[in-house]
Amino acid sequence: MLKCVTITGLSILLLITTAGGVLAQDEESFIRESTISKRDAIVLSTLFPGLGQMTQGSKVKGISFFIGEAASLIIFINAHENYNTKQKTYDRDLGIFNNMKNVPGKTSSEAERLYKDLKSQNDDLDNLHSIRNTAIIVAAGVYAYNLVDAIFFSSSVEKSGRAELDSKKIHVSSAMIDRNPGIMLSKRF
Amino acid sequence: MVKKIIIFLTPILIIAIAIGCSKDHSAPTFSTYKATSSPDSVVATYDKTKDVVDVTWDMSDTSGVGDYFVSVSDSNVFDLGKVRGFYANLTEFAPPHKFVYNAATYVAGDVDSMILYFTVSAVYKNETFKGFIGPRAKVDSALVYRKTD
């Protein structure tokens with residue numbers, strides 16, 4: 001049950017992340033002149049998915065990547081820790097179970113009880129293993145997609161600058177005027 | 001250059017994570033303990049004159065059997081009762097095996113009647129098992145009846 005919920009959750013997460021990239025096309029209405037080079041965006045995306053896209057102005061896409069990666073990693077770390085903790089208990093109980101034959105006075109019914117408990121523990125470990133692997137695969141997928149997006153699909157400063165030159169919109173950009181930071185509003189007629 | 005490094009490193013990273021997260025536990029197996037078997041034909045009979053219960057049983061395959069373990073309970077759901085166990089310490093292993101159980105060790109002197117439930121397990125002593133008590137035989141009951149009417 002837990003496995004199903006987690007896998008479904010991760011699938012939805014992946015879907016949102018992918019959809020975020022598509023929905024980001026509408027972001028052209030929030031035109032903001034890019035102040036970061038494509039190379040820097042790639043480096044930022046390499047550090048953590050979504051950072052490059054966010055700094056380039058694709059907020060929805062960037063946030064989708066960021067949330068997708070963060071959530072997958074949290075699920076992965078949680079499942080990984082649980083797996084390691086449960087495995088220690090399992091290994092200890094398995095050692096006791098395998099050694100029962102050498103302990104005088106240990107009974108068959110005790111061995112059977114422990115065997116059932118071990119089987120249940122083994123099922124839990126299998127579930128955690130699946131959740132952990134699914135989460136890390138989703139995380140790796142989001143990371144890879146983010147890199148592909150940053151490398152191949154994001155526009156460079158010059159290109160994005162040209163694309164954003166829309167005569168019907170006012171452009172907002174940061175500017176240095178006499179060594180003082182400021183905001184520049186521009187409109188093409 | 002950055003592109004090439006990233007494209008080269010990403011699959012390596014994914015493979016490394018997949019290997020690092022590989023399944024490192026195996027399912028338990030009960031096969032070793034399945035080699036043990038239970039005695040059969042357990043019969044418990046109360047001997048009023050000696051105030052003892054004679055417990056007899058049979059066992060077809062006695063290979064690896066070093067002793068027997070007789071258990072007694074006051075409940076028909078065996079483990080829910082007050083369970084006591086004794087090693088039979090038999091000197092002879094020719095069937096049918098017999099264990100004489102003194103009823104006074106379980107039933108107080110002022111109790112006139114009580115039903116006791118008995119079962120027997122084989123104790124395995126060989127290269128694989130070092131005194132492991134095998135599965136129980138089918139439980140038999142004996143009525144301890146002390147009244148002299």
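Two strands pair if DSSP finds at least two bridges between them. That rule is handy for chain B of this predicted model, where S2(B) and S5(B) pair in the antiparallel sense over six bridges. One of the residue matches can be named: Val55(B) has Phe99(B), in S5(B), as its bridge partner. Zooming out a little, S2 belongs to an open sheet of three strands in chain B, ordered S1-S2-S5, with antiparallel pairing. The edges of the sheet are S1 and strand S5 (97-102) of chain B, and each of these pairs on one side only. On average, neighbouring strands of this sheet are turned by 20° against each other, direction ignored. As background, strands of a sheet pair through backbone hydrogen bonds, either parallel or antiparallel.

Two residues of chain B have a backbone angle worth a second look. Most residues other than glycine have a negative phi. Ser41(B), though, has a phi near 50°, a positive value in a residue other than glycine. Ser41(B) sits in strand S1 (residues 40-47) of chain B. Is Ser41(B) buried or exposed? The answer falls in between: 20 or more other C-beta atoms within 10 Å would make a residue buried and 12 or fewer would make it exposed, so Ser41(B), with 15 within 10 Å, is partly exposed. Asp51(B) also has a positive phi, near 55°, and is likewise not a glycine. Asp51(B) is found in the loop between S1 and strand S2 (52-58) of chain B. Asp51(B) has 14 C-beta neighbours inside 10 Å and therefore counts as partly exposed.

Now for chain A, which has six helices and two strands. Read from the N terminus on, the elements of chain A go α-α-α-α-α-α-β-β. Chain A has 189 residues, and 30% of them count as buried. What about contacts between residues at least 6 apart in sequence? Of those in chain A, 68% join residues at least 24 apart.

How much confidence does the predictor have in chain A? The average pLDDT of chain A is 78, and 72% of the residues score at least 70. Among the elements of chain A, helix H4 (residues 59-99) has the highest mean pLDDT, 93, while helix H6 (residues 157-163) has the lowest, 47. Over residues 25-33 of chain A the pLDDT is below 50, and this stretch has 14 contacts in the model beyond near neighbours in sequence. The pLDDT is also below 50 over residues 158-165 of chain A, a stretch with nine contacts in the model beyond near neighbours in sequence.

Next comes a pair of helices in chain A. Two packed helices are described by the angle between their axes and the distance between the axes. Helix H2 (residues 38-47) of chain A and helix H5 (residues 108-153) of chain A pack at an angle of about 175°, with axes 9 Å apart. Angles over 145 degrees count as roughly antiparallel, so H2(A) is roughly antiparallel to H5(A). Which residues meet here? From H2(A) come Ala41(A), Ile42(A), Ser45(A) and Thr46(A), and from H5(A) come Asn146(A), Leu147(A), Ala150(A) and Ile151(A). By class, the residues of this contact of H2(A) with H5(A) are five nonpolar, three polar and no charged.

Elsewhere in helix H5 of chain A is Ile131(A). Ile131(A) has 24 other C-beta atoms within 10 Å, so Ile131(A) is buried. Ile131(A) and Phe76(A) are 55 residues apart along the chain, yet their C-alpha atoms are separated by 7.4 Å. Helix H5 of chain A also holds Ile136(A). Ile136(A) counts as buried because 22 C-beta neighbours lie inside 10 Å. Phe76(A) turns up again here: Ile136(A) and Phe76(A) are 60 residues apart in sequence and 5.9 Å apart in space, C-alpha to C-alpha.

Finally, the two chains touch. The contact takes 29 residues from chain A and 24 residues from chain B. On the side of chain B that touches chain A, helix H1 (2-20), helix H2 (31-34) and strand S7 (130-136) of chain B each supply at least two residues. Sorted by class, that side of chain B has 13 nonpolar, eight polar and three charged residues.

How values were computed. Residues numbered from 1 in each chain as written. Chains lettered and ligands numbered in written order. Predicted model: local features only at pLDDT ≥ 70, side-chain atom pairs only at ≥ 80, totals over all residues. Contact = placed C-beta atoms within 7 Å. Helix = DSSP H or I, 4+ residues; strand = E, 2+ residues; numbered from the N terminus. Nonpolar A, V, L, I, M, F, W, Y, C, P; charged D, E, K, R; others polar. pLDDT = per-residue confidence, 0-100. Axes fitted to C-alpha atoms, helices over the stretch in contact; angles between N-to-C directions. Parallel < 35°, antiparallel > 145°, perpendicular 65-115°, else oblique.
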